[in-house]
Amino acid sequence: MTLRRGFKAEAEREAARVRKELGLASHDRLDPRDLAKHLGVSIVDAGELVDIAELEDLERLQAFAFSAATFEIEQRKIIVVSPLRNTGRQNSDIAHELAHVMLEHDLSEIREVDGMPFRTCKPDEEEEATAFGGTLLLPRPLLLSAARRQASIEQIANQYDVTAEMARFRYNTTGVAKQAASR
């Protein structure tokens, strides 16, 4: 599946716009919890809603079955996040869910996981949320700045509180890797 033509450029522009609203420069770390507050979206740790042992049981049954989900209750958006994930992964999950909210995706499909029905977005909208969420956390100008400093993927991940997988994904899909290598 591929993103529609022009989506990545739109995502970069929207990420820059939101960063400006938050008073952040393009190379500043974005805390997705601050963005959630700015958007009026609440973040709730799933451990506040269910016993952590139940989350651990679910994790044993199916690793990464639950990382985060967005609910709309009385016209309020609430993102529930798994406390079993590290901070970098939670940041990616929250950014992904905020991307769904910002892109105004509708929960339109029902999927079944281990007999439990879940409402989800269309696959192309999931791909958009993944791409836009990553762009919010690591926009291209930030990655170019890191490349000019010759920061490693691990250094980028540590500095911006994201997973190494997210840093690598964004570094490679933005063309920054090729641009840095051609210097």
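Let me start with the sheet, where strand 2 (residues 68-73) and strand 3 run antiparallel and are joined by 6 bridges; strands here are DSSP runs of E of at least two residues, helices are runs of H or I of at least four, both numbered from the N terminus, and two strands pair if DSSP finds at least two bridges between them. Please keep in mind that this is a predicted model, in which local features need pLDDT of at least 70 and side-chain atom pairs count only at pLDDT 80 or more, while totals for chains, interfaces and linings use all residues. Residues are numbered from 1 along each chain as its sequence is written, and side-chain values use heavy atoms, with hydrogens and water left out.

Within that antiparallel pair, E72 has K77 of strand 3 as its bridge partner, and the two strands form a hairpin with 2 residues between them, where E74 in the turn has a positive phi of about 50°. Strand 3 (residues 76-81) also runs parallel to strand 1 (residues 42-45), to which 4 bridges join it, and there V44 is partnered with V80.

Turning to the interior, the largest nonpolar core, meaning buried Ala, Val, Leu, Ile, Met, Phe, Trp, Tyr and Cys residues joined through side-chain atoms within 4.5 Å, has 37 residues, of which L138 and I156 touch the most other members; buried means under 20% relative accessible area with a 1.4 Å probe, protein chains only. Helix 4 gives the largest share of this core, 6 residues. I156 itself touches L138, L143, A146, A151, A167 and Y171, leaving aside residues up to four places away in sequence, where contact means heavy atoms within 4.5 Å. A second, separate core of 7 residues includes A46, L55, I78 and V80.

Notes
Buried < 20%, exposed > 50% of the residue type's maximum accessible area, 1.4 Å probe, protein only.
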